[in-house]
Amino acid sequence: MDMQSSSYRTGRVFLCRVKHKSELVKAILEFAEEKRIKTAIFTVIGAVRDATIGYYDQDAREYQKIRFDKHMEIAHATGNLTRKDGKPFVHIHAVLSDSTGKAFAGHLIRATVFAAEIHIQEILGQSLEREYDQTTGLALWKM
Ligand code: ZN
């Protein structure tokens, strides 16, 4: 089989507005901790004042960082909350667009929010942990 999986149930649904100038990853982690959400999937739309995304160099096995020190739209971002090293861990991919409508996308490392709306779907079931994967060099879901 080409896929490994686990079965889960859906839990609470949250619609959130992120405070101006908050750091997006931190805001999601803090919210999850406050609401005791262990596992979730989410989407984000909004705008950022600046952001850093990553491109994973598969040969070097490290992220190349791409920094945008400008205002951009979050045309779409999607992510999940699981656990890594026993702690909550957020994984987000984002499509950001600039004043010309040109889009840039990648693994979101950090972003300073101008305004953002998040739809969070809690997932109930066994804890989903990440573990180091020899083949990719990434911390992937342990299933
Ligand atoms: Zn990623």
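This is a short dialogue about reading the pockets, the metal site and a few residues of a predicted model.

Visitor: Let's begin with open space. What is the volume of the largest pocket, and which residues lie nearest its centre?

Guide: A pocket is an open set of points with protein around it. Here the largest pocket has a volume of about 450 Å³. Its lining consists of 17 residues, and those nearest the centre are Tyr63, His91, His107, Leu138 and Ala139. Strand 2 (40-57), strand 4 (72-84), strand 5 (87-97), strand 7 (129-132) and strand 8 (139-141) each give two or more residues to this lining.

Visitor: How many residues of that lining are nonpolar, polar and charged?

Guide: Nine are nonpolar, six are polar and two are charged.

Visitor: And what can you tell me about the second largest pocket?

Guide: The second largest pocket holds about 300 Å³ of space. It has 14 lining residues, with Val18, Lys19, Ala27, Glu30 and Phe31 the closest to its centre. Two or more lining residues come from each of strand 1 (9-18), helix 1 (24-34) and strand 6 (103-124). Helix 1 gives the most, with six residues. By class, the lining of the second largest pocket has seven nonpolar, one polar and six charged residues.

Visitor: Now for closed space. How many cavities of 30 Å³ or more does a search of the whole structure find?

Guide: In a cavity, a probe fits but cannot get out. The search finds one of 30 Å³ or more, and the largest cavity has a volume of about 30 Å³. Its lining is made of Ile28, Phe31, Ala32, Ile37, Ala40, Phe42, Leu81 and Ile120. Helix 1 and strand 2 are the elements that give two or more residues to this lining, and helix 1 gives the most, with three. By class, the count is eight nonpolar, no polar and no charged residues.

Visitor: Let's turn to the metal. Which residues coordinate the zinc ion?

Guide: For a metal site, look at the donor atoms and then at their spacing along the chain. The zinc ion is coordinated by His91 through NE2, His93 through NE2 and His107 through ND1, at 2.0 to 2.1 Å. Along the chain these donors follow the spacing H-x1-H-x13-H. His93 belongs to strand 5 and His107 to strand 6, so this pair ties together parts that are 14 residues apart in sequence.

Visitor: Are His93 and His107 buried or exposed?

Guide: Buried means under 20% relative accessible area. His107 has 14%, so it is buried, whereas His93, with 41%, is partly exposed.

Visitor: How many aromatic pairs are there in the whole structure?

Guide: The search finds three. One of them joins Phe68 and Phe104 in a tilted arrangement, 4.9 Å centre to centre with 50° between the planes. Phe68 is in strand 3 (residues 62-68) and Phe104 in strand 6, so the pair links distant parts of the chain, 36 residues apart. Phe68 is buried at 7% relative accessibility, while Phe104 is partly exposed at 23%.

Visitor: One last residue, please. Which residues is Thr43 in contact with, leaving aside its neighbours within four places in sequence?

Guide: Contacts show what sits beside a residue in space. Thr43 is in strand 2 and touches His76, Ala77, Thr78, Glu117, Ile118 and His119, with those neighbours left aside. Thr43 and His119 are 76 residues apart along the chain, yet 5.4 Å separates their C-alpha atoms. Thr43 has 30% relative accessibility, so it counts as partly exposed.

How values were computed: Residues are numbered from 1 along each chain as its sequence is written. This is a predicted model: local features need pLDDT of at least 70, side-chain atom pairs count only at pLDDT 80 or more; totals for chains, interfaces and linings use all residues. Side-chain values use heavy atoms; hydrogens and water are left out. On a 1 Å grid over the protein atoms alone, a cavity is a set of points where a 1.4 Å probe fits but cannot get out, and a pocket is an open set with protein on both sides within 12 Å along at least five of seven lines; lining residues have an atom within 4 Å of a point. Grid points are joined across faces, edges and corners, and a volume is the space filled by probe spheres set on the points. Helices (H or I, at least four residues) and strands (E, at least two) are DSSP runs, numbered from the N terminus. Ala, Val, Leu, Ile, Met, Phe, Trp, Tyr, Cys and Pro count as nonpolar, Asp, Glu, Lys and Arg as charged, and the others, Gly among them, as polar. Buried means under 20% relative accessible area, exposed over 50%, partly exposed in between (1.4 Å probe, protein chains only). Contact means heavy atoms within 4.5 Å. Donors are N, O and S atoms within 2.8 Å of the metal (3.2 Å for Na, K and Ca); water is not among the atoms, so sites may look incomplete. Rings of Phe, Tyr and Trp (its six-membered ring) pair if their centres lie within 6.5 Å; planes under 30 degrees apart count as stacked, over 60 as edge-to-face and the rest as tilted.
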